Amino acid sequence: MSQTSTIIELKDVCKSFDDTVAVENFSLSIQKGEFVTFLGPSGCGKTTTLRMIAGFDIPTSGQILLNGEDISKLPPNKRPVNTVFQRYALFPHLNVYENIAFGLRLKKTETEVTDRKGNKVRKLVHLSRREIDEKVKRVLDIVDLEGFEKRSVSTLSGGQQQRVAIARAIVNEPEILLLDEPLGALDLKMRKEMQIELKEMHRRLGITFIYVTHDQEEALTMSDKIVVINDGEIQQVGTPTDIYNEPVNTFVADFIGESNIFNGMMTGKLRVKFCGTEFACLDDYEINQYVDVVVRPEDIIICKPGEGQLKGKVLSTVFKGVHYEITVEVGRFEIVIQSTAYAEPGSLIGMKIEPDGIHIMEKVYTENKYDGVITKRNTVEFGDGEFGCDVTQLYPGSHLDEEGYLITASGEKLDLTGTEVTVEVGFRDITMSDEEGAGGAEGNIISMIYQGDHYRSIVRTEENEEDYVLACPDLWNTGDKVSLVIPADKIKLTLKPVAGEKK
Amino acid sequence: MTGALKLRFNRKQLCIPYVAFLVLFVICPLLVVVYYAFTSGTGSITIENFVNFFTNTNTLGTLLYSIAISVVTTAVCLVIAYPVAYVLARSRLKKKYVLLMLFVLPMWINFTLRITALKEILSSIEGNLSAYPFLNTVTGMTYDFLPFMILPLYTSLSKLDKSLTEAAEDLGANGFTVFMRVILPLSVPGIISGVTMVLLPSMTNYVVLDMLYNSTYIMGSLIGSYFAAYDWHGGSMISLILLIIIFVITLATNRFSDDETSGRAML
């Protein structure tokens with residue numbers, strides 16, 4: 001079982017369609033026999049990556065190595081890889097048997113044959129009818145569909161079609177089996193059953209599985225290794241336990257399971273402050289560094305008020321079957337707890353968090369920083385937008401004359417048009433508006449993560465895909481088109497060293 | 001007075017105009033045709049007309065000639081239309097609807113004008129049109145019926161799920177095998193309806209022959225000639241035979257297009 005040879009390796013794979021980048025610098029190596037899951041929200045590039053491994057899409061740059069050989073430009077029919085498609089893609093004009101035998105009928109194997117002169121020659125021949133028959137029977141047995149050979153695929157249920165699709169792929173004995181959200185179209189109960197069956201099949205067949213899903217629970221249940229992808233980039237690679245317990249950033253923490261995410265600051269050796277309280281923790285970061293803190297809802301222990309580090313009022317308690325989901329208001333923060341104990345809404349409770357329940361991560365975003373250019377009207381262009389700003393801050397003691405020229409403290413007259421500057425904007429200084437043209441730039445909300453007392457939202461512009469990170473108090477819908485408003489006095493400009501002296 | 005204003009019909013009563021129409025214009029004429037087909041000039045019942053059709057070399061020759069023209073026309077249309085429909089359906093061109101419309105556009109121009117234009121072109125190439133009657137007729141019919149072949153093929157090819165061809169490639173099929181094993185069998189319903197729409201009218205459309213100076217009779221002109229000579233009995237019998245041929249063809253093709261899985265058996 002403990003084979004550690006690499007079967008497939010992706011090196012700096014990039015893929016872009018027209019102007020949009022789908023996959024960026026994707027580097028990953030997968031071991032023989034592993035069950036690897038690509039996990040991410042829809043549109044994150046996981047399916048594109050899978051399609052590149054299958055050969056339906058050719059990478060824009062980078063390499064895909066299969067057993068050390070570059071296969072990135074090989075057509076799909078030349079790769080020892082088979083795919084189970086999202087919507088099964090069974091051939092409607094063929095019955096179950098013919099669907100499964102499709103690949104076998106095309107396969108040629110090198111066998112020794114005796115030619116007319118009696119010499120033995122090695123020749124590529126098609127599989128015999130009996131060989132095909134045996135193989136089809138065997139996989140039908142594996143997927144539990146004995147006796148379905150003559151059935152038309154359109155008469156099968158979703159789950160049965162799914163099994164035929166899997167049988168059709170594994171009958172060719174591929175080195176890697178690719179599964180593109182294969183359980184997406186099944187109902188919950190069927191999905192759970194198929195998860196276990198797939199896992200069992202993986203164990204029996206011993207081939208490498210690459211599985212694509214957006215369902216984090218599915219990924220945690222089935223995989224040996226999870227690759228969390230967002231925005232075409234790998235966020236984290238690790239075992240399900242690693243990914244759940246030690247998420248590297250807030251995206252992973254938010255995407256995998258429920259979590260409370262707070263802004264925190266290191267206040268001492270192994271001490272972190274968030275929610276206005278200091279906690280002992282296990283992660284070592286520099287003192288005074290701003291960090292993101294993740295606490296899983298099940299890691300918060302309810303105790304009597306006064307005991308524990310936090311105290312708050314229960315806002316709501318929802319029964320979820322195994323546990324209660326309790327929302328507690330602590331000052332201006334909202335904390336979600338999962339507990340088997342009931343808490344009366346409106347009551348005061350204490351909360352305790354053990355050091356191993358606190359996960360600290362370096363902040364990915366600390367500020368918005370852009371390259372900008374001053375325009376004729378003394379506004380600044382950056383991040384696909386144009387904003388009003390105070391240009392006098394570039395030269396201390398300066399002011400503007402009536403014609404809009406900048407007069408420096410020493411009385412010099414400057415035309416700033418075309419001046420390149422660095423622009424910095426704080427998270428809390430940007431506000432969103434759904435009124436078109438209300439702000440200087442427009443974009444779509446691509447992420448919205450709750451951080452205890454506010455949402456951290458990322459807005460991306462359409463033209464050059466510039467990101468604006470902002471903190472806002474209200475929940476917006478991901479995908480909404482918004483206009484970004486930044487007050488002129490909140491835009492911090494600094495001259496770029498070289499272009500600064502332009503007149 | 002309120003009773004008179006209350007106009008309420010049930011479903012059966014609403015059918016009456018249609019039934020009347022069908023009886024008057026479909027069933028009655030059909031019965032008249034059958035009556036004339038099986039009676040002689042004196043009004044006595046006979047199968048003489050039926051025997052005549054199959055013993056007369058002229059009428060049989062016309063039947064075979066009609067079949068030859070329609071089969072060749074259909075084959076030529078299919079050969080031209082399939083690649084066009086395939087390319088249009090599979091391309092990611094933004095302007096493909098414009099291209100498709102250009103192929104269908106001739107249908108909007110008057111039939112006589114189209115064939116007259118074709119006649120001028122052909123005579124400038126061939127000189128004497130009557131030298132190649134069969135070729136000219138097939139050319140005219142192909143030009144006339146091509147859109148009827150392209151449209152159903154385009155519809156069935158564009159409905160074809162791209163993941164099916166990907167699945168075939170994934171299972172080891174090269175481009176040719178994908179076409180033969182997946183695309184062609186799945187486009188059979190389109191082929192069938194295209195064939196039906198070209199084969200049947202091209203058996204009887206004698207206007208094209210007339211305009212292109214092809215003096216040979218086909219089924220349509222044959223029937224016309226019988227009625228022109230006041231032989232209603234013989235003409236009716238030929239109409240009836242043609243009707244049965246068309247009925248059989250339609251029946252056969254319907255079976256294939258309804259049951260998509262048997263498309264492979266037909267190939």
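How many bridges pair β29(A) and β35(A), and in which sense? In this predicted model, the two strands pair over four bridges, in the antiparallel sense. That pairing sits at one end of an open sheet of five strands in chain A, with the order β25-β24-β23-β29-β35 and antiparallel pairing. The edge strands are β25 (385-388) and β35 (492-495) of chain A, each of which pairs on one side only. On average, and with direction ignored, neighbouring strands of the sheet are turned by 35° against each other.

Going through the sheet strand by strand, β24(A), residues 379-382, and β25(A) pair in the antiparallel sense over four bridges. Here A:F382 stands opposite A:G385 in β25(A). Strand β23(A), residues 368-374, pairs with β29(A), again in the antiparallel sense, and this time the count is six bridges. A:V423 of β29(A) turns up in both of that strand's pairings: A:V423 is the bridge partner of A:Y370, and A:V423 also stands opposite A:L493 in β35(A).

Strand β29(A), which covers residues 420-425, also shows a neat alternation of its side chains. A:V421, A:V423 and A:V425 point to one face and are buried. A:E420, A:T422 and A:E424 point to the other face and are not buried. So the valine that faces A:Y370 across a bridge belongs to the buried set of β29(A), by the cut-off of 20 or more other C-beta atoms within 10 Å.

Turning to nonpolar packing, the largest core holds 98 residues. Those that touch the most other members are A:I53, A:A167, A:L178, A:I210, A:V272 and A:V293. Helix α4 (residues 158-170) of chain A supplies the largest share of this core, with six residues. As for A:A167, leaving out residues up to four places away in sequence, its contacts are A:I100, A:V139, A:L140, A:V143 and A:L145. A second core, separate from the one above, has 37 residues, including B:V138, B:M141, B:L146 and B:V195.

Chain B is built along other lines, with 14 helices and zero strands. From the N terminus on, its elements therefore read as an unbroken run of α, by the way helices and strands are assigned. The radius of gyration of chain B is 24 Å, well over the 18 Å that the globule rule gives for 267 residues, so chain B is more spread out than a compact globule. Its C-alpha trace spans about 75 × 70 × 40 Å along the principal axes. Buried residues make up 30% of the 267 residues in the chain. Among the contacts in chain B with a separation of 6 or more, 73% join residues 24 or more positions apart.

Finally, there is the contact between the two chains, which takes 19 residues from chain A and 19 residues from chain B. On the side of chain A that touches chain B, the elements giving two or more residues are β6 (81-84) and α2 (96-106) of chain A. Of these, α2(A) gives the most, with three residues. By class, this side of chain A has 10 nonpolar, seven polar and two charged residues.

Methods
Residues numbered from 1 in each chain as written. Chains lettered and ligands numbered in written order. Predicted model: local features only at pLDDT ≥ 70, side-chain atom pairs only at ≥ 80, totals over all residues. Contact = placed C-beta atoms within 7 Å. Nonpolar A, V, L, I, M, F, W, Y, C, P; charged D, E, K, R; others polar. Core = buried A, V, L, I, M, F, W, Y, C linked by C-beta atoms within 7 Å. Buried ≥ 20, exposed ≤ 12 C-beta atoms within 10 Å, placed from the backbone. Rg over C-alpha atoms; globule rule 2.2 N^0.38 Å. Pairing = 2+ DSSP bridges. Axes fitted to C-alpha atoms, helices over the stretch in contact; angles between N-to-C directions.
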